[in-house]
Amino acid sequence: MGTIHLFRKPQRSFFGKLLQEFRLVAADRRSWKILLFGAINLTCTGFLLMWCSSTNSIALTAYTYLTIFDLFSLITCLVSYWVMMRKPSPAYSFGFERLEVLAVFASTVLAQLGALFILKESAERFLEQPEIHTGRLLVGTFVALSFNLFTMLSIRNKPFAYVSEAASTSWLQEHVADLSRSLCGIIPGLSSIFLPRMNPFVLIDLAGAFALCITYMLIEINNYFAVDTASAIAIALMTFGTMYPMSVYSGKVLLQTTPPHVIGQLDKLIREVSTLDGVLEVRNEHFWTLGFGSLAGSVHVRIRRDANEQMVLAHVTNRLYTLVSTLTVQIFKDDWIRPALLSGPVAANVLNFTDHHVIPMPPLKGTDDSNPVTSTPTKPSSPPPEFSFNTPGKNVSPVILLNTQTRPYGLGLNHGHTPYSSVLNQGLGVPGIGATQGFRTGFTNIPSRYGTNNRIGQPRP
């Protein structure tokens with residue numbers, strides 16, 4: 001028998017969770033209008049599909065797909081309302097804004113798939129063109145046009161409104177914009193409607209209705225049934241050309257890319273941050289689009305060891321927050337470590353001279369005018385010399401380094417070997433080249449000559 005868990009909370013199914021979230025959205029009065037338009041859309045779509053079957057018109061079918069796309073846009077608007085109601089959770093720390101992007105991407109891709117299906121059906125009809133009945137063709141065109149325009153102009157769809165402005169223009173918008181400039185030159189009052197560019201959804205609805213009107217007239221006049229197939233191809237190409245820029249833009253957002261129009265502004269802000277007081281370096285910066293109109297980013301800032309972390313963090317956040325709404329800044333102080341050499345008592349197992357270099361030290365100068373702490377001449381009122389705190393004195397044990405070189409090398413120095421006893425007798429002095437020139441660096445033990453010990457087999461002194 002299995003384990004019985006008392007007071008265990010029952011797990012809801014996927015459809016149960018979906019119904020719960022739908023009730024949450026339906027409780028908002030703003031969503032009632034969208035739900036009403038969705039019900040009307042389903043009714044109109046059903047009638048249009050029946051009329052497409054009775055007229056045998058594939059052009060009307062292609063135009064009906066735009067009504068189905070309106071239904072997807074209404075669902076996207078509901079998703080937008082749901083995203084505004086939900087708060088970020090531990091599992092989704094950035095919130096649910098990317099669901100809007102995903103809804104727009106799915107809607108535009110499905111519209112393009114419908115356009116490809118129309119192109120495939122039209123190619124088959126060119127081989128065998130059926131007869132088209134125009135009884136309900138014109139009625140279906142005006143019903144679909146009226147409902148599409150009424151939906152687009154009555155419902156404020158925030159995700160699609162943003163994408164239509166941010167995405168690149170379609171080829172249909174570019175051609176209409178060229179014609180609009182010529183028309184607005186004659187009638188300047190139309191510039192507010194046609195310029196700088198028309199709404200792509202309104203434009204495709206008007207262009208599709210115009211193509212269906214031409215189809216109706218040519219079939220009624222000359223029984224030219226092939227024009228229906230040509231109109232279907234035109235509507236499919238316009239649909240694909242209108243939806244493709246939106247799919248590309250929303251797809252780039254899903255791929256967490258940086259928008260091209262803000263790259264220059266971000267570079268300017270990064271340069272300003274790098275010039276702040278206490279900031280040494282800004283690196284590992286990464287910015288991406290979280291949702292429509294919102295940027296997220298992370299950056300590492302290296303500061304001086306004496307800088308105030310909270311002050312630098314406040315200044316960096318204040319500079320970048322103008323563009324990046326969700327920002328993560330990691331502050332770390334500059335930390336450098338000096339390389340330490342082996343000093344102190346030498347172990348017995350270390351004194352194997354065939355495996356080590358011996359660093360001979362030059363003899364010390366006279367001690368009558370030198371400071372026993374810094375090994376440098378002293379003056380009555382002179383400040384301590386630079387790096388005097390790290391300059392070796394007299395009573396420091398010799399330094400033994402591992403032999404990692406197979407042959408002597410240097411920079412024109414005299415090579416040779418010195419008996420170990422002389423090293424012990426000399427002690428540790430100021431490192432230098434020969435006996436006169438010395439180094440003043442952060443490394444306190446710099447050898448004056450390098451060499452290998454060849455006294456193998458001779459007794460140790």
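**View 1. Residue character in the lining of the largest pocket.** In the lining of the largest pocket, the residues divide into 22 nonpolar, five polar and five charged. The model shown in this and the following views is a predicted one. The pocket has a volume of about 970 Å³, and 32 residues line this pocket, among which Leu-18, Glu-21, Ile-75, Val-79 and Trp-82 lie nearest its centre.

**View 2. Helices that contribute to the lining of the largest pocket.** At least two lining residues are supplied by each of α1 (14-26), α2 (30-55), α3 (58-85) and α4 (98-127). Of the helices, α3 deserves a separate mention, since the largest share of the lining of the largest pocket, eight residues, comes from α3.

**View 3. Packing of α3 against α9.** Two packed helices are described by the angle between their axes and by the distance between the axes. For α3 and helix α9 (residues 200-222), the axes come within 10 Å and cross at roughly 160°. Because angles over 145 degrees count as roughly antiparallel, this crossing makes α3 roughly antiparallel to α9. The crossing in which α3 passes α9 is left-handed.

**View 4. Residues in the contact of α3 with α9.** On the side of α3, the residues of the contact are Ala-59, Leu-60, Tyr-63, Leu-66 and Phe-69, and these meet Phe-201, Ile-204, Asp-205, Gly-208, Ala-209 and Leu-212 in α9. Sorted by character, the residues of this contact divide into nine nonpolar, one polar and one charged. The helix α3 therefore appears in two of these views, in the contact with α9 and, with eight residues, in the lining of the largest pocket.

**View 5. The second largest cavity and its lining.** The count of cavities of 30 Å³ or more comes to four, and the second largest cavity holds about 50 Å³ of space. Its lining is formed by Val-163, Ser-164, Ala-167, Ser-168, Ser-170, Gln-173, Pro-200, Thr-242, Pro-245 and Met-246, which divide into five nonpolar, five polar and no charged residues.

**View 6. Helices that contribute to the lining of the second largest cavity.** Both α6 (158-166) and α10 (226-254) supply at least two residues each to the lining of the second largest cavity. The largest share of this lining, three residues, comes from α10.

Note on methods
Residues numbered from 1 in each chain as written. Predicted model: local features only at pLDDT ≥ 70, side-chain atom pairs only at ≥ 80, totals over all residues. Heavy atoms only, no water. 1 Å grid on protein atoms, 1.4 Å probe; cavity = no way out; pocket = protein on both sides within 12 Å on 5 of 7 lines; lining within 4 Å. Points joined across faces, edges and corners; volume = space filled by probe spheres on them. Helix = DSSP H or I, 4+ residues; strand = E, 2+ residues; numbered from the N terminus. Nonpolar A, V, L, I, M, F, W, Y, C, P; charged D, E, K, R; others polar. Axes fitted to C-alpha atoms, helices over the stretch in contact; angles between N-to-C directions. Parallel < 35°, antiparallel > 145°, perpendicular 65-115°, else oblique. Left-handed = near helix turned anticlockwise from the far one by under 90°. Contact = heavy atoms within 4.5 Å.
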